[in-house]
Amino acid sequence: MNDTTIFPQLDIPETLAAGPGPGNTDPRVLARFAQTGLADHMQADVLRGMVECKEMLRQVWGTKNTYTYGVGGTGFSGLDCMLGAILPGDTVVAFVNGTFSGIDGLTIRMKAATREELAANAMDPQAASVTIVNVPHGQSVTGEIVEKALSQHKPKWAFMAHWETGSGRINDLQGFSDACERHGAMGLVDAVSSLGIADFSIDAYPGVVGWASCPQKGVLCLPLTYAPVSFTDAYIAHVRANGCASYVHNPVLEARHWGIMDGKDVPAGAYHRTHSGYAVAAFHEALRITLQHGRAQKARDYAFHEKALRDAVTAMGCDVTSNMTSLVVLNLPASLAGREKELVQGCRAKGFGIWPTLSEPVQVRIGILNQLSERAITDIVMRFAVAMKEMGAEIDMGAVQAGLDRHYQAAMAAE
Ligand SMILES: *Cc1c(COP(=O)(O)O)cnc(C)c1O
């Protein structure tokens with residue numbers, strides 16, 4: 001018997017990532033990844049790169065928080081680090097309006113659960129100290145909803161996703177922060193989908209003490225690198241005083257390698273784990289690209305191109321229920337209702353990577369991460385129109401094209 005199996009070299013084709021994430025990584029980021037030399041995690045340029053990333057990240061987040069850095073891994077790695085401050089028995093109110101805040105809510109219940117609660121339902125614990133406020137799919141978490149729940153429960157922690165990618169909804173960050181301040185709750189925000197797309201400065205939201213994002217959406221650094229996080233001094237003081245049951249995702253310890261110790265920037269990092277020079281270089285380039293584009297300009301560009309896509313799919317008879325600017329979440333016309341997954345699978349099989357919603361109700365999600373041009377949006381619109389036509393939808397392609405032309409010509413005329 002042969003107990004060795006060596007598979008052929010793995011080839012992954014180039015696809016058009018037109019979903020909620022990951023975004024289409026910029027060639028400059030991939031070049032930095034591939035052209036970086038072999039260097040260990042304490043080599044001077046790797047450490048300098050980490051310090052420079054930290055400083056650029058503060059600009060991208062709009063913050064003076066010293067504890068601003070990247071957590072190795074995906075968005076949920078950063079979220080796990082941020083939510084690690086929640087200890088068994090802590091009171092939390094979490095607002096859930098889609099897939100991702102739903103998973104965050106589960107993480108919170110896992111962390112706040114007592115041993116008994118965890119043992120009673122290990123994979124889905126019902127922690128008595130956690131209140132989950134469910135907001136229906138397709139609706140936003142409003143300031144009033146937050147105010148009502150926090151005034152009633154007066155929790156130690158409050159949690160909300162800024163942009164809920166599962167349903168494509170923007171939640172009320174100002175209302176959340178204000179309510180946290182009013183009721184003395186420490187606010188925690190999942191900013192995975194908004195960082196690098198929305199134009200906002202986290203220091204403008206003093207009710208929020210912890211923020212977590214991801215590498216692969218607005219920051220556009222898919223080569224699995226760093227999930228940006230930022231913590232206020234009050235959050236860090238709380239972790240110092242109460243602890244956190246993690247070495248690797250410890251918000252205080254994880255900061256050391258980025259040159260943050262005892263609340264201060266220090267010149268060179270201290271070992272925490274084996275950071276990759278390739279990942280640091282890629283992340284560094286992604287942050288440079290974001291700052292060169294400019295936060296406000298990038299936000300305007302997303303809004304402009306999302307409008308073109310939204311109008312085009314509306315002209316095809318779809319009903320858009322989202323309000324994020326990087327993603328359109330839609331219901332198909334009545335004639336195709338119930339065939340969302342079939343449509344998406346057909347598109348994906350042709351390398352057009354759109355997505356269904358991952359939780360009920362089933363809708364279609366089309367994203368435009370790093371697709372900020374007339375050509376890219378037209379490509380997405382036409383591929384989607386063809387897929388709908390192939391399933392029997394009647395679409396006036398000329399009218400769709402004319403709509404796109406109007407949108408982009410009006411913009412050219414305005415320049
Ligand atoms: C994508 C996403 C996540 C998960 O990020 P990963 O990089 O897949 O771990 C969490 N929250 C929100 C709001 C997201 O959009």
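Here, "buried" means that a residue keeps under 20% relative accessible area, while "exposed" means over 50%. Keep that in mind for the close-ups below, which all come from a predicted model.

**Close-up 1. The buried side of helix H6.** Helix H6 runs through residues 143-153, and its buried residues are Gly143, Val146, Ala149 and Leu150. These four sit on the same side of H6, because they cover an arc of only 140° around the axis. The spacing makes sense: an α-helix has 3.6 residues a turn, so residues three or four places apart point the same way.

**Close-up 2. What H6 packs against, and what it leaves open.** Among the elements covering the buried residues of H6 are three strands, S3 (92-96), S4 (130-134) and S5 (157-161), along with helix H7 (173-183). Flip to the face turned away from the buried side and you'll find the exposed residues Glu144, Lys148 and Gln152. Right after H6 comes lysine 154, with a positive phi near 40°.

**Close-up 3. Who surrounds the ligand.** There are 13 residues around the ligand, and Thr74, Gly75, Thr165, Asp190 and Lys217 come nearest. Sorted by class, this shell has six nonpolar, five polar and two charged residues. Helix H3 (residues 75-83) gives the most to it, with three residues.

**Close-up 4. Oxygen atoms of the ligand and their partners.** Threonine 165 places a side-chain N or O atom 2.3 Å from a ligand oxygen. For threonine 74, a polar side-chain atom lies 2.7 Å from an oxygen atom of the ligand. Glycine 75 joins in with its backbone instead: an N or O atom there is 2.8 Å from a ligand oxygen. Overall, the protein covers 90% of the 390 Å² of accessible area that the ligand has on its own.

Definitions and conventions. Residues are numbered from 1 along each chain as its sequence is written. This is a predicted model: local features need pLDDT of at least 70, side-chain atom pairs count only at pLDDT 80 or more; totals for chains, interfaces and linings use all residues. Side-chain values use heavy atoms; hydrogens and water are left out. Buried means under 20% relative accessible area, exposed over 50%, partly exposed in between (1.4 Å probe, protein chains only). Helices (H or I, at least four residues) and strands (E, at least two) are DSSP runs, numbered from the N terminus. The arc is that of the directions from the helix axis to the C-beta atoms. Contact means heavy atoms within 4.5 Å. A residue is near a molecule or strand if one of its heavy atoms lies within 4 Å of it. A polar contact is a pair of N or O atoms within 3.5 Å; within protein, one must be able to donate a hydrogen and the other to accept it, and residues adjacent in sequence count only if both atoms are side-chain atoms. Accessible areas come from the Shrake-Rupley method with a 1.4 Å probe; for residues, only the protein chains shown count as cover. Ala, Val, Leu, Ile, Met, Phe, Trp, Tyr, Cys and Pro count as nonpolar, Asp, Glu, Lys and Arg as charged, and the others, Gly among them, as polar.
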